[in-house]
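Biologist: I'm new to this one, so could you take me through a single part of it slowly? I'd like a close look at the pockets, and then at whatever sits around them.

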Amino acid sequence: MSDPSVRPAEASGTFSIGGDLPVHRLGYGAMQLTGKGVWGEPADRDEAIRVLRRAVELGVTLIDTADAYGPHVNETLIAEALHPYADDLLIATKGANTRPGPDQWVPDGRPEYLRQCVEGSLQRLKLERIDLYQLHRVDPNVPLAEQVGALAELRDQGKIRYVGLSEVTVEQLVEAQQYVPIMSVQNLFNLAERGSEAVLEHCEREGIAFIPWFPLATGQLAQPGGILAEAAARHEATPAQLALAWLLHRSPVILPIPGTSKVAHLEDNVAAAAISLTDDEVAQLSALG
């Protein structure tokens with residue numbers, strides 16, 4: 001048995017994406033390893049490399065990225081830092097979100113563009129197959145059947161192992177499941193923002209991984225003297241760490257992917273995996289939303 005103090009992410013438990021692709025539930029989101037506006041090179045490239053390597057040392061086995069981060073910078077950086085990849089490391093990426101400039105995001109779900117996205121990610125990540133490929137955003141100008149159908153074809157060609165979606169409704173998820181098995185959903189969800197509860201519940205019923213982005217947000221809930229702040233003090237933790245611990249306790253299908261560009265912050269985030277909340281604490285925090 002490994003030492004949890006050396007690989008603390010292991011304390012978050014394991015979820016098997018697709019039933020046969022196990023990852024530790026507390027992962028790492030790499031978006032912040034780019035320049036301002038998720039554009040261009042990181043401010044400190046050496047530190048970015050250290051963050052990625054340290055994440056793996058801490059037991060993280062799920063790293064989430066996208067071709068839009070940079071664009072392309074993020075995937076290239078991951079390959080530089082971590083290739084050849086450890087056997088248990090899953091690099092999940094996304095496509096179909098174009099980047100005209102900093103802080104600008106324009107969905108493009110045309111099948112020909114999706115095929116181009118996948119080929120580019122394979123090249124930049126130095127992979128022969130992407131184990132989890134996610135539709136970054138549904139393009140409202142292209143039928144969902146065509147967008148998901150293109151990913152189904154790429155899966156059949158062996159370029160994708162599993163297909164995921166991002167920022168979808170229950171209705172979109174159900175429709176997509178008609179064309180290809182959906183193994184993950186990545187929606188905004190955190191202690192302060194619970195708009196995707198219905199999607200999470202659907203994922204629980206179907207055994208689909210639910211990957212909440214922006215998981216550290218606490219909003220006004222972290223005010224001194226509040227329930228979150230008091231719970232954090234009891235555990236000698238920060239409100240952000242409690243927010244991550246709550247997500248891990250909220251559902252066994254939740255895979256939080258907190259992001260950061262600093263090693264010290266990464267270590268703080270991963271330490272949240274070891275925080276054990278009581279049922280009462282989970283209920284109290286859940287009632288805040």
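Modeller: Before the pockets, a word on sorting residues: Ala, Val, Leu, Ile, Met, Phe, Trp, Tyr, Cys and Pro count as nonpolar, Asp, Glu, Lys and Arg as charged, and the others, Gly among them, as polar. Keep in mind, too, that this is a predicted model.

Let's start with the largest pocket, which holds about 420 Å³ of space. It is lined by 20 residues, and Met31, Tyr69, Gln186, Trp213 and Phe214 are the ones closest to its centre. Sort that lining by class and you get ten nonpolar, seven polar and three charged residues.

Now the second largest pocket, with a volume of about 260 Å³. Here 14 residues make up the lining, and Ala86, Asp87, Leu89, Leu90 and Asp131 lie nearest the centre. By class, this lining has ten nonpolar and four charged residues, with no polar ones. Where do its residues come from? Strand 2 (21-24), strand 5 (90-95) and strand 8 (130-135) each supply at least two of them. Strand 2 gives the most, with three residues.

Since strand 2 came up, let's follow it a little. Its antiparallel partner is strand 1 (residues 14-17), joined to strand 2 by four bridges. One place to look is Thr14, which stands opposite His24 in strand 2. Together strand 1 and strand 2 make a hairpin, with three residues between them. In that turn, Gly18 has a positive phi of about 70°.

Strand 5 leads us somewhere else: it is part of what covers the buried residues of helix 2, and so are helix 1 (45-57), strand 4 (62-64) and helix 3 (111-125). Helix 2 itself spans residues 73-82 and is mostly covered, with eight of its ten residues buried. Those eight are Val73, Asn74, Glu75, Leu77, Ile78, Ala79, Ala81 and Leu82.

One last stop, the cysteines. Cys117 has a relative accessibility of 4%, so it counts as buried, the cut-off being under 20%. Cys203, at 0%, is buried as well. As for bonds, a disulfide is a covalent link between the sulfur atoms of two cysteines. A search of the whole structure turns up zero disulfides.

Conventions:
Residues are numbered from 1 along each chain as its sequence is written. This is a predicted model: local features need pLDDT of at least 70, side-chain atom pairs count only at pLDDT 80 or more; totals for chains, interfaces and linings use all residues. Side-chain values use heavy atoms; hydrogens and water are left out. On a 1 Å grid over the protein atoms alone, a cavity is a set of points where a 1.4 Å probe fits but cannot get out, and a pocket is an open set with protein on both sides within 12 Å along at least five of seven lines; lining residues have an atom within 4 Å of a point. Grid points are joined across faces, edges and corners, and a volume is the space filled by probe spheres set on the points. Helices (H or I, at least four residues) and strands (E, at least two) are DSSP runs, numbered from the N terminus. A disulfide is a pair of cysteine sulfur atoms within 2.5 Å. Buried means under 20% relative accessible area, exposed over 50%, partly exposed in between (1.4 Å probe, protein chains only). Two strands pair if DSSP finds at least two bridges between them. Contact means heavy atoms within 4.5 Å.
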